[in-house]
Amino acid sequence: MSNGQTAAGVTVPDTKVARDATDLVRDTTTDLIYHHSRRVFWFGSLQGRNRGLSFDPELLYLGAMFHDLGLNERFRTSGRRFEVDGADEARRFLQSHGVPEDSIRRVWTAIALHTTPGIPQFMEPEIALVTAGVEYDVLGIGYHDVSDADRAAIVALHPRPDFKHSILRAFTEGIAPKPETTFGNVKADVLERFVPGYERTSFVDIIENSDWTE
């Protein structure tokens, strides 16, 4: 059973909204994104424990599960950042489940900011820890903050075969159709590396070429 599992002393919330979120993500995303999203919950939870943060596990789980949903093919014509697409899907889902607005705001913000370094760690714990979980699983930031045994237990439940190459491919496929959405965020690095002919938008060029005379 997907929900209620325990690993590394962390248990997946076994509420209706959490179970429904698991089913939705499992049904609409790839194995890659599903397993990554689950690991983000576990690693974010462990980093929360390490930092002495008090957080709502259900909100952290919901943020983790929806954080990459915007990479899904159905959203590639929206013209918005994939983070916002995922956050908006989470909002619709949570509203349909009667989740309070303040909780929805936290989940939305956690998803929207998870690729914007330097800000989430100063916000509510659930927002900070979605990013912490993503940074751990994708970038290896704080890798040794989690014990080898805990890390192995989580990866045994949700394996990472060829993860580095696979997640970069998923990022590329998810954002290449709307390259303008990478302005000012880390995903521009992905397109610069993997999309021939891509040229990142320069903040300096925008200023110098604006309609202002001075």
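Helices (H or I, at least four residues) and strands (E, at least two) are DSSP runs, numbered from the N terminus. This tour visits them in a predicted model, where local features need pLDDT of at least 70, side-chain atom pairs count only at pLDDT 80 or more, and totals for chains, interfaces and linings use all residues. Residues are numbered from 1 along each chain as its sequence is written, and side-chain values use heavy atoms, with hydrogens and water left out.

**Stop 1: the whole chain**

Select the protein chain and show it as a cartoon. You should find 10 helices and two strands. Trace the chain from the N terminus: the order is β-β-α-α-α-α-α-α-α-α-α-α. The radius of gyration, taken over C-alpha atoms, is 18 Å. The globule rule (2.2 Å times the number of residues to the power 0.38) gives 17 Å for 214 residues, so the chain is as compact as a globular protein of that length. Now turn the model along its principal axes. The C-alpha atoms fill a box of roughly 60 × 35 × 35 Å.

Next, colour by burial. Buried means under 20% relative accessible area, exposed means over 50%, and partly exposed lies in between (1.4 Å probe, protein chains only). Of the 214 residues, 46% count as buried.

**Stop 2: T172**

Select T172 in helix α8, residues 163–175. Is T172 buried or exposed? Its relative accessibility is 13%, so T172 counts as buried. Now show its contacts, meaning heavy atoms within 4.5 Å. Not counting residues up to four places away in sequence, T172 touches V190, L191, F194 and V195.

**Stop 3: G48**

Move to helix α2, residues 31–51, and pick G48. Its relative accessibility is 0%, so G48 is buried. Which residues does G48 contact, leaving aside its neighbours within four places in sequence? They are L53, F55 and L129. Then draw a distance line from G48 to P177. Their C-alpha atoms are separated by 35 Å, and the two residues are 129 apart along the chain.

**Stop 4: the salt bridges**

Show the charged side chains. A salt bridge is a side-chain nitrogen of Lys or Arg within 4 Å of a carboxyl oxygen of Asp or Glu. By this rule the count comes to 18.

Start with D88 and R91. Their side chains meet in a salt bridge, 3.4 Å from N to O. Both residues lie in helix α4 (residues 82–96), three residues apart, about one turn of the helix. D88 is buried, at 11% relative accessible area. R91 is partly exposed, at 32%.

Go on to E124 and R105. Their closest N and O atoms are 2.8 Å apart, and the two form a salt bridge. E124 lies in the loop between α5 (101–112) and α6 (125–139), while R105 is in helix α5, so the pair ties together parts that are 19 residues apart in sequence. R105 is partly exposed, with a relative accessible area of 35%.

Now select E192 and R200. This salt bridge spans 3.1 Å, N to O. E192 is partly exposed, at 46% relative accessible area. R200 is also partly exposed, at 37%.

**Last stop: a network**

Select R80, D85, D88, R91 and K178 together. Salt bridges that share partners join these residues into one network. You have already met two of its members, D88 and R91, as a pair.
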